[in-house]
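Hello,

Here is the structure we talked about passing on. My notes on the findings follow below it.

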Amino acid sequence: MPWIVGVSGASGTPYAAAVLRALLDAGETVDLVVSRASRLTLLDEAQIAFRDAHWQDDLREWLARGADGKPGTFQADISGVRHWSAGDLAAGPSSGSYRTKGMLIVPASTACVAGVALGLSKDLLQRAASVTLKERRPLVVAVREAPLNGQTLRHLVALDDAGASVVPASPGFYAGATHIQDLVDFVAGRVLDAAGVEHGLYRRWKGELGGGTPGA
């Protein structure tokens, strides 16, 4: 069964790329939903125009880029990815009878958080998240916004009450980050931790001060 990965319009497309690469490296299959708003962000942050008709070429180019925007940094086998158009409300993930392991929304915009919390289902990303909650499957929401207003905080509490895991896109520094990719991978790793997916994206805390010092 696949993991659904939803990419919303918040800044933070490198987080989504890191999560996708790690899922594929772990041998997982992925159902990918890229929202319309996120395509503008992807164009701005990675200079990639994500097109439904050419999604495989665009996805390869996206996943090959590092967090610093450098092309050719990574290699990813995308044979385990199935793409669904964000406007396709008849897609597999729109139904509870379509079996998945759960869903990761990374990054999650405040608009996406509100839509899922209120059950709006205005596009496939929101509908798939609503289905994930109603079927009691894992839903991880990597919210990326600052500051957070009271309305968004209430929506996040509603998602937590509904069983979702809320993972703020807040990188930690104890793992010995020396590059922007390390900070991105830390957040991606915490998203995957919440989903229970094994990975090696960051150095875990072992109870020893200085264990994350660069070069240690």
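Please keep in mind that this is a predicted model.

I start with the backbone. Pro-147 sits in the loop that runs between strand E5 (139-143) and helix H6 (150-161). The peptide bond leading into it, from Ala-146 to Pro-147, is cis, with omega near -10°. A cis bond also joins Val-106 to Pro-107, again with omega near -10°; Pro-107 belongs to strand E4 (residues 102-108). Most peptide bonds are trans, and most residues other than glycine have a negative phi. Ser-121, a residue other than glycine, has a positive phi, near 50°. Ser-121 is part of the loop between H4 and H5.

Next, the two helices on either side of that loop. The axes of H4 and H5 come within 9 Å and cross at roughly 45°, which means that H4 is oblique to H5. The crossing is right-handed. On the H4 side the contact is made by Ala-111, Cys-112, Gly-115 and Val-116, and on the H5 side by Leu-125, Gln-126, Ala-129, Ser-130 and Leu-133. By type, these contact residues are six nonpolar, three polar and no charged.

Last, the largest pocket. It holds about 190 Å³ of space. Helices H2 (36-46), H4 (110-118) and H5 (124-134) each give at least two residues to its lining. Among the lining residues are Ser-35, Arg-36, Lys-122 and Asp-123. Ala-111, Cys-112, Leu-125 and Gln-126 line the pocket and also take part in the contact of H4 with H5. The lining as a whole has four nonpolar, five polar and three charged residues.

Regards

Definitions and conventions. Residues numbered from 1 in each chain as written. Predicted model: local features only at pLDDT ≥ 70, side-chain atom pairs only at ≥ 80, totals over all residues. Heavy atoms only, no water. 1 Å grid on protein atoms, 1.4 Å probe; cavity = no way out; pocket = protein on both sides within 12 Å on 5 of 7 lines; lining within 4 Å. Points joined across faces, edges and corners; volume = space filled by probe spheres on them. Helix = DSSP H or I, 4+ residues; strand = E, 2+ residues; numbered from the N terminus. Nonpolar A, V, L, I, M, F, W, Y, C, P; charged D, E, K, R; others polar. Axes fitted to C-alpha atoms, helices over the stretch in contact; angles between N-to-C directions. Parallel < 35°, antiparallel > 145°, perpendicular 65-115°, else oblique. Left-handed = near helix turned anticlockwise from the far one by under 90°. Contact = heavy atoms within 4.5 Å.
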